[in-house]
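The exercises below are to be worked with the sequence and the coordinates at hand. Each task is followed by a solution in steps.

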Amino acid sequence: MGTVAPTEAIAILGMGNMGRALAQRMLDQGYETSIWNRSVRDLSALEARGARVLSSLQEAWGSDRTALTFVADDGALSDICLGTTGLLRTAPPGSTLIDLSTVSPSVSRVIAEGAKSARVDYLRAPVSGNPLVLAAGNLTIIVSGPEATFRASRSLLESVGPKVLYVGREEEARMIKLAINAGLAVTTELLAELILLVESHGLDRSVLLEVLGDSVLGSPFVKYKTANLISRDYAATFTTELLAKDLRLALALADERGLTLPAVQLISTLTEEATRGYREADFAALLPHLQRTHGVEPDVPAQP
């Protein structure tokens, strides 16, 4: 257990893979934690650890003045924040809303307006990492919003992950997160193509990945993915479906400025294709999708 003994409880809304990992992390850090999910989900393990399971969204602000949302997309965030019983309809003035999701800047701007009207402080705090990284306390959090709110919330954010980067007052964090995920997608497709290339000539991918990891092309991401690519493990840390969503958001952001992003557009098309068979697999399934398109037996079979 951590040594944090906060005087203010927190509520976490959204119990997907990342939301559950966040709740576990905050319980381990000693926070009094309430949890809620839009759909029915077994939360008994978290409840046994001390989490208070809310029966409705209206209960989120009971004794809590800080709510953290962690959801999959624009629609879910809008519903939780702006629906008829949403957080911003019931929040006491002076409360703080911190959203850790990856969503579009456009919907985030609408949330910001709703928060302003409700006199709620609002931080955009998308994260870089997966549930294992979060559980280990190594998450990177990219934050934008009012600087005073950031300063007041910094210790809470550092309890989530030690690398907290403040990048601006408005939607800057959203834009940077989408740019990062576009880069991950392009890098993953490049790895897939290089593996396909060397294996077509009889080389083992483990040799390629070891050399890549120690070359000028090496990166923490390449090294992190190496073991799973070698073992053909596609258990999802971040699904192909979610990556496809983020690429659509990145391209929409480019469209706002009349930009053409050829590499991102191509990888978006390839990722959309990969969802037909690997929707719930890890986004590294760009490799088995590529293998299938070339008549090579894929690392893992496609799902209906």
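Contact here means heavy atoms within 4.5 Å. The model is predicted.

**Exercise 1. Tryptophan 36**

Task: Place tryptophan 36 in its strand, classify its burial and list its contacts, leaving aside neighbours within four places in sequence.

Solution.
Step 1. Strand E2, residues 33-36, contains tryptophan 36.
Step 2. The relative accessible area of tryptophan 36 is 11%. Buried means under 20%, so tryptophan 36 is classed as buried at 11%.
Step 3. With neighbours within four places in sequence set aside, tryptophan 36 is in contact with Ile12, Leu13, Gly14, Met15, Leu54, Ser55, Ser56, Leu57 and Ile80.
Step 4. As a check on a distant pair, take serine 268, which is 232 residues from tryptophan 36 along the chain; the two C-alpha atoms are separated by 32 Å.

**Exercise 2. Helix H1 and the largest nonpolar core**

Task: Compare the end-to-end distance of H1 with its expected span, then find what H1 gives to the largest nonpolar core.

Solution.
Step 1. H1 has 12 residues, and at 1.5 Å a residue it should span 16 Å. Its end C-alpha atoms are 17 Å apart, which agrees.
Step 2. The buried residues of H1 are Met18, Gly19, Ala21, Leu22, Ala23, Arg25, Met26 and Leu27.
Step 3. After H1 comes glycine 30, with a positive phi near 95°.
Step 4. The largest nonpolar core holds 30 residues, and Leu22, Leu100, Ile141 and Leu157 have the most contacts inside it. Two or more residues of this core come from each of strand E1 (9-13), helix H1 (17-28), strand E8 (140-144) and helix H7 (147-160). H1 supplies the largest share, six residues.
Step 5. Leucine 22 touches Ile12, Leu68, Phe70, Leu100, Leu134 and Val160, not counting residues up to four places away in sequence.
Step 6. A second, separate core has 29 residues, including Leu208, Tyr234, Leu247 and Ala285.
Step 7. For background, nonpolar side chains tend to be buried together in soluble globular proteins.

**Exercise 3. Helix H5 and the second largest pocket**

Task: Describe the surroundings of isoleucine 111, then determine which element gives the largest share of the lining of the second largest pocket.

Solution.
Step 1. Isoleucine 111 sits in helix H5, residues 105-117. Its relative accessibility is 0%, so isoleucine 111 counts as buried.
Step 2. Not counting residues up to four places away in sequence, isoleucine 111 touches Leu77, Ser78, Cys81, Leu82, Leu88, Leu97 and Tyr122. Leucine 82 is 29 residues from isoleucine 111 in sequence, and their C-alpha atoms are 7.4 Å apart.
Step 3. The second largest pocket has about 290 Å³ of space. It is lined by 15 residues, of which Ala112, Glu113, Arg124, Arg169 and Glu170 are the closest to its centre.
Step 4. H5, strand E6 (121-124) and helix H8 (172-200) each give two or more residues to this lining. The largest share, five residues, is from H5.
Step 5. By class, the lining of the second largest pocket has six nonpolar, no polar and nine charged residues.

**Exercise 4. Helix H8 and the largest cavity**

Task: Test the length of H8 against its expected span, then characterise the lining of the largest cavity.

Solution.
Step 1. The 29 residues of H8 should span 42 Å at 1.5 Å a residue; the end C-alpha atoms are 42 Å apart, which agrees.
Step 2. Just after H8, glycine 202 has a positive phi of about 85°.
Step 3. The structure holds one cavity of 30 Å³ or more. The volume of the largest cavity is about 50 Å³.
Step 4. Its lining consists of Thr188, Leu191, Ala192, Ile195, Phe221, Lys225, Leu229, Phe283, Ala284 and Leu287. The elements giving two or more residues are H8 and helix H10 (220-231), and H8 gives the most, four residues.
Step 5. The lining of the largest cavity divides into eight nonpolar, one polar and one charged.

**Exercise 5. Positive phi outside glycine**

Task: Locate arginine 119 and arginine 232, and state how exposed each one is.

Solution.
Step 1. Most residues other than glycine have a negative phi.
Step 2. Arginine 119 has a positive phi near 60° and lies in the loop between H5 and E6. At 60% relative accessibility, arginine 119 counts as exposed.
Step 3. Arginine 232 has a positive phi of about 60° and is located in the loop between H10 and helix H11 (240-255). With a relative accessible area of 35%, arginine 232 is partly exposed.

Conventions. Residues are numbered from 1 along each chain as its sequence is written. This is a predicted model: local features need pLDDT of at least 70, side-chain atom pairs count only at pLDDT 80 or more; totals for chains, interfaces and linings use all residues. Side-chain values use heavy atoms; hydrogens and water are left out. Buried means under 20% relative accessible area, exposed over 50%, partly exposed in between (1.4 Å probe, protein chains only). On a 1 Å grid over the protein atoms alone, a cavity is a set of points where a 1.4 Å probe fits but cannot get out, and a pocket is an open set with protein on both sides within 12 Å along at least five of seven lines; lining residues have an atom within 4 Å of a point. Grid points are joined across faces, edges and corners, and a volume is the space filled by probe spheres set on the points. Ala, Val, Leu, Ile, Met, Phe, Trp, Tyr, Cys and Pro count as nonpolar, Asp, Glu, Lys and Arg as charged, and the others, Gly among them, as polar. The expected span of a helix is 1.5 Å times one less than its number of residues. A nonpolar core is a set of buried Ala, Val, Leu, Ile, Met, Phe, Trp, Tyr and Cys residues joined through side-chain atoms within 4.5 Å.
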